[in-house]
Amino acid sequence: MTRARPMSRVIDASRRRWLGLGLPAKLLLLTAGFVMVAEVLIFVPSVANYRVSWLSDRLTAAQVASLAAEAVPGGDVPLKVRAELLRTAQVKAVAVRRDGRRRLVLPAGEPMVIDALYDLRPTDEGFFGGIAQRMGLIGDALATFIYGDTRTIRVIGPVGDNPQDFIEIVIPEMPLKKVMVRYGLNILGLSIMISLITAALVYLALSYLLVQPMMRITRNMVNFSQNPEDPERIIAPSGRNDEIGVAERELAHMQRELSQLFLQKNRLAQLGLAVSKINHDLRNMLANAQLISDRLTAIPDATVQRFAPKLIASLDRAINFCNDSLKFGRAEEAAPRRELLRLRAMVDEVADGLGLPRDDAIEWIVEMEDTLRIDADREHLFRVLSNLVRNAVQAIEGQEPEDRTGFGRITVRAWRDGRRVSLEVRDNGPGVPPKARENLFRAFQGGTRKGGTGLGLAIAAELMAAHGGRLQLLDTDEGAAFLIELPDRSTVA
């Protein structure tokens, strides 16, 4: 346990240092490390192959020496000649097997102990056998580095085309270790140079292609977050067509939208302040108008008696709207006070308030049963219907004369399906532009006509959602059609 804790602290400290490094430093370290790993994977097999090549050279020299010894008449090689042949071949003893007979051609001058045997004759062991053989050669090379100072080894190699013939040599392993160390140092120095050059090139390439653009994006994000309302802080895309270019363009698009939202937020805050200032005075003016209209009820004129209640009701609604003018800005609407209403009477009241039908201009069609009842808040539903019908009237009247195909027409249909009432408002106007459909029910973004705020449909959708229903735009070949689906209270989750 006492050792585990210091080790864990070391790991934690190393991890903190790594996390504290910047992206360029991490890239440089990783690039250098990966290149060094690749060089090590090349270095070790290279040294192993050099060892095999050096031993093969000794076998070839020993074979030449054996041919010279066999050429001596009588086969008895003088001591001086034998010593010179062994020295030239850099071996201690040579034996040859030919035609099924093994003969010691150049015997050792003194007794020796063989520490290891290596057979360099080729074998056909297949793909996996070849891999195992190469791994064995790497292990033999590592053993030479470790034990090569004191060992004497015996090496067997092929002779001629007969696989049964071979040549054997006995040599001290120290000379082999020395040349391998020298070769390894040369390869190591070359590998380090190649690693540094490769790492530098890879680092520069990745830094130019990835790191610098990412650092530029990061700096821009930090700079933009300090003042999102400043359009000068929006990133300028570099024009690249790869993933970095896509990220730059998407970031610029997002920053533009965010900057506009912040500007819009400020405007809304200013608008809310202005509305709050005029709200009190406007409410008093409407209250005075309401008092004056109350006096009209005392006039015994049939026409006055017919329109006075509607005027008073309209003023009451105007005062209520004035009192609730800031509720949408606070994302608040009064909870619906639902009751069973005769829908036809409310639709007629909306038509009277908007002056429908209009002779030679707009035809007004109502298709519903007079006894149809709907479970809704009276004021909320009146606001929704007034908004939809008013939008239809404005769309028809806003058409250019050459675009009109005849009289304008607004149709209101309603029907009950079980415990759900569906209400459709349809017109034959120009319809809703495709661009406006995306944000149709979002405040200040779904306006379909010049000068519109886009609040009406957003408020209508919110009011219907509070009832557990929904407001949606239907696909039509002509004009626009909105469908309200409103369930009864017992079916609302």
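Let us start with Asp-375, which is buried, with a relative accessible area of 4% in this predicted model. The threshold matters here: a residue counts as buried when its relative accessible area is under 20%. The side chain of Asp-375 forms a salt bridge with Arg-489, and the closest N and O atoms are 2.9 Å apart. Asp-375 belongs to strand S8 (residues 373-377), while Arg-489 is found in the segment after strand S12 (480-487), so this pair ties together parts that are 114 residues apart in sequence. Arg-489, for its part, is partly exposed, at 44% relative accessible area.

There is also a network to mention: Glu-367, Arg-413, Glu-424 and Arg-426 are joined by salt bridges that share partners. How many salt bridges does a search of the whole structure find? The total is 21.

Allow me to present two further pairs. In the first, the side chains of Glu-168 and Arg-154 meet in a salt bridge, with an N to O distance of 2.0 Å. Glu-168 lies in strand S5 and Arg-154 in strand S4 (residues 152-158), so the salt bridge ties together parts that are 14 residues apart in sequence. Is Glu-168 buried or exposed? With a relative accessibility of 3%, Glu-168 counts as buried, whereas Arg-154 is partly exposed at 27%.

The second pair is Glu-84 and Arg-87, whose side chains form a salt bridge at 2.4 Å, N to O. Both residues are in helix H3 (residues 79-89), and because they are three residues apart there, about one helical turn separates them. Glu-84 is partly exposed, at 39% relative accessibility, and Arg-87 is exposed, with a relative accessible area of 55%.

I now turn to the overall composition. The protein has 493 residues, of which 32% are buried. Its secondary structure consists of 11 helices and 12 strands. Among contacts with a separation of 6 or more, 68% are between residues 24 or more positions apart. The exposed area of the protein is about 30,400 Å², with 58% supplied by carbon and sulfur atoms.

Next, the sheets. As a reminder, the strands of a sheet pair through backbone hydrogen bonds, either parallel or antiparallel. One open sheet has five strands in the order S7-S9-S10-S12-S11, with mixed pairing. Its edge strands are S7 (362-367) and S11 (470-474), each of which pairs on one side only. On average, neighbouring strands of this sheet are turned by 15° against each other, direction ignored. Helix H8 (residues 343-354) packs on the sheet and touches S7, S9 and S10; the direction of H8 makes about 170° with that of S7.

Within this sheet, S7 and S9 run parallel and are joined by six bridges. Ile-365 stands opposite Thr-411 in S9. Strand S9 (residues 408-417) and strand S10 (residues 420-427) run antiparallel, with eight bridges between them. Val-412 has Val-425 in S10 as its bridge partner, and Trp-415 stands opposite Ser-422 in S10. S9 and S10 form a hairpin with two residues between them, and Gly-418 in the turn has a positive phi of about 70°.

A second open sheet of five strands follows the order S2-S1-S5-S4-S3, again with mixed pairing. Why do strand S2 (101-106) and strand S3 (116-119) have a side without a neighbour in the sheet? They stand at the edges, each with a single partner strand, so one side of each is left free of a neighbour. The twist from one strand to the next averages 20°. Strand S1 (residues 93-98) pairs with strand S5 (residues 166-172) in the antiparallel sense over five bridges. Here we meet Glu-168 again, since Ala-95 stands opposite Glu-168 in S5.

Let me close with some local features. Between H8 and S7 is a loop that contains Pro-357, and the peptide bond from Leu-356 to Pro-357 is cis, with omega near 0°. Ser-314 is in helix H7 (residues 302-323), and its C-alpha atom is separated by 8.2 Å from that of Gly-353, 39 residues apart along the chain.

Finally, a nonpolar patch on the surface is formed by Met-36, Val-181, Leu-185, Leu-188, Ile-192 and Leu-196, with about 510 Å² of accessible area together. Helix H5 (residues 174-226) gives the largest share, five residues. Met-36 is placed in helix H2 (residues 23-70) and is partly exposed, with a relative accessible area of 34%.

Technical notes. Residues numbered from 1 in each chain as written. Predicted model: local features only at pLDDT ≥ 70, side-chain atom pairs only at ≥ 80, totals over all residues. Heavy atoms only, no water. Helix = DSSP H or I, 4+ residues; strand = E, 2+ residues; numbered from the N terminus. Buried < 20%, exposed > 50% of the residue type's maximum accessible area, 1.4 Å probe, protein only. Contact = heavy atoms within 4.5 Å. Areas by Shrake-Rupley, 256 points an atom, 1.4 Å probe, with all protein chains shown as cover. Pairing = 2+ DSSP bridges. Axes fitted to C-alpha atoms, helices over the stretch in contact; angles between N-to-C directions. Patch = residues over 30% accessible without salt bridge, like charges linked within 9 Å, V, L, I, M, F, W, Y side chains within 5 Å. Salt bridge = Lys/Arg side-chain N within 4 Å of Asp/Glu carboxyl O.
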